Structures are given as structure tokens and as C-alpha cells.
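Please look at the sequence and the structure below before reading on. The report that follows goes from a single residue to the fold as a whole.

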Amino acid sequence: MDHFADRLRAAPQSRLQRGAASEALGLARELARWAQVLEAPEVEPRVMPDAGMFAAADQITVAVHDLALVLVDEGQVSDAVLLVEEAQKRAGV
């Protein structure tokens with residue numbers, strides 16, 4: 001995740017506009033939702049807001065750290081890593 005976030009921070013605005021930022025926001029929302037469901041399954045998850053293309057790296061950083069606090073086994077960690085790797089490939093950074 002740190003590599004993906006660093007690449008987003010270093011990416012030119014044109015790359016962010018071509019989809020990298022929206023891919024990162026989608027990942028951040030997915031990770032945040034997952035963390036919320038694990039933490040409070042009885043509560044409807046809130047949607048992470050779109051804070052703009054320049055905040056996308058910070059949003060995935062926050063979301064993955066929140067998720068890391070509630071994951072319970074290595075399988076979940078592997079799934080999370082896979083999600084981040086796939087999103088980074090789709091983002092092209």
C-alpha cells in the first residue's frame with residue numbers, strides 16, 4: 001500500500017485525471033467498507049467521501065491502516081494485499 005500511495009503522490013496530475021485517482025478512491029472505499037463491516041457488522045457502513053484527486057493517496061493510506069487494525073487472520077491480510085496490488089495495476093502507477 002505504501003508503494004501505491006507514494007506512486008500516486010508522485011504521479012502527474014494528468015495521470016491522476018486519467019483514472020489513477022478514481023481507482024485509488026474506489027480501493028479506499030472498498031477497504032474502508034470492509035473495515036467497518038468487520039468492526040461493527042450491525043451498522044450500515046458509511047461511504048468514504050471523494051476528497052479530490054490529490055487526497056487519493058492519503059485516503060488509501062488511512063483506509064488500509066484502519067483495516068489492518070481489525071483483520072483477524074493471514075488469509076484476510078493476503079486478500080487485502082491482493083486488492084491493493086490489483087488496484088495499483090489498474091491505476092497504472
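In which helix does alanine 63 lie? Alanine 63 lies in helix α3, and in this predicted model that residue makes a useful starting point for a walk through the chain.

## Alanine 63 and its surroundings

Is alanine 63 buried or exposed? Its relative accessibility is 1%, and a residue under 20% is called buried, so alanine 63 counts as buried. Leaving aside residues up to four places away in sequence, alanine 63 touches Ala28, Leu31, Ala32 and Met48. Three of these names return below, since Ala28, Leu31 and Ala32 are among the buried residues of helix α2.

Distance along the chain and distance in space are two separate things, and alanine 63 gives an example of both. Alanine 63 and leucine 25 are 38 residues apart along the chain, while their C-alpha atoms are separated by 9.9 Å.

## Other residues of helix α3

Glutamine 59 also has its place in helix α3, and with 10% relative accessibility this glutamine counts as buried. When residues up to four places away in sequence are not counted, glutamine 59 touches Leu25, Ala28, Met48, Pro49, Ala51 and Gly52. Ala28 and Met48 therefore appear in the contact list of glutamine 59 and in that of alanine 63, where a contact means heavy atoms within 4.5 Å.

Threonine 61 is found in helix α3, and its relative accessible area of 16% makes it buried. Its contacts, again without residues up to four places away in sequence, are Met1, Ala5 and Arg9. Valine 62, another residue of helix α3, has 45% relative accessibility and counts as partly exposed, because that class lies between the 20% and 50% cut-offs. The C-alpha atoms of valine 62 and leucine 31 are separated by 9.4 Å, although the two residues are 31 positions apart along the chain.

## The two ends of the chain

Where is aspartate 2 found? Aspartate 2 is found in helix α1, and with a relative accessible area of 48% this aspartate is partly exposed. Its C-alpha atom is 7.2 Å from that of threonine 61, although 59 residues of sequence separate the two.

Alanine 91 is found in helix α4, and a relative accessible area of 7% makes alanine 91 buried. Beyond residues up to four places away in sequence, alanine 91 touches Phe4, Arg15, Ala20 and Glu23. A pair of residues can also be farther apart in space: alanine 91 and alanine 55, 36 residues apart in sequence, are 15 Å apart when taken from C-alpha to C-alpha.

## Helix α2 and its cover

Helix α2 covers residues 13–39 and has a kink of about 55 degrees, which is centred on glycine 19. Its buried residues are Leu16, Ala20, Ala21, Glu23, Ala24, Leu25, Leu27, Ala28, Leu31, Ala32, Ala35 and Gln36. Two of the contacts of alanine 91, namely Ala20 and Glu23, belong to this list.

What covers the buried residues of α2? The cover includes α1 (2–10), α3 (56–70) and α4 (74–91).

## The chain as a whole

Seen as a whole, the secondary structure of the protein chain comes to 4 helices and 0 strands, and reading along the sequence gives the pattern α-α-α-α. The radius of gyration is 13 Å, close to the 12 Å that the globule rule gives for 93 residues, so the chain is as compact as a globular protein of that length. Taken along the principal axes, the C-alpha atoms fill a box of roughly 40 × 25 × 15 Å.

Buried residues make up 40% of the 93 residues in the chain. Of the contacts with a separation of 6 or more, 76% are between residues 24 or more positions apart. The accessible surface comes to about 5600 Å², and 53% of that area belongs to carbon and sulfur atoms. As for charge, the chain has 9 positive and 15 negative charges, and the mean positions of these two groups are 10 Å apart.

Key
Residues are numbered from 1 along each chain as its sequence is written. This is a predicted model: local features need pLDDT of at least 70, side-chain atom pairs count only at pLDDT 80 or more; totals for chains, interfaces and linings use all residues. Side-chain values use heavy atoms; hydrogens and water are left out. The radius of gyration is taken over C-alpha atoms; the globule rule is 2.2 Å times the number of residues to the power 0.38. Buried means under 20% relative accessible area, exposed over 50%, partly exposed in between (1.4 Å probe, protein chains only). Accessible areas come from the Shrake-Rupley method with a 1.4 Å probe; for residues, only the protein chains shown count as cover. Lys and Arg count as positive and Asp and Glu as negative; His and the chain ends are not counted. The place of a charge is taken as NZ of Lys, CZ of Arg, CG of Asp or CD of Glu. The bend at a residue is the angle between axes fitted to the seven residues ending there and the seven starting there.
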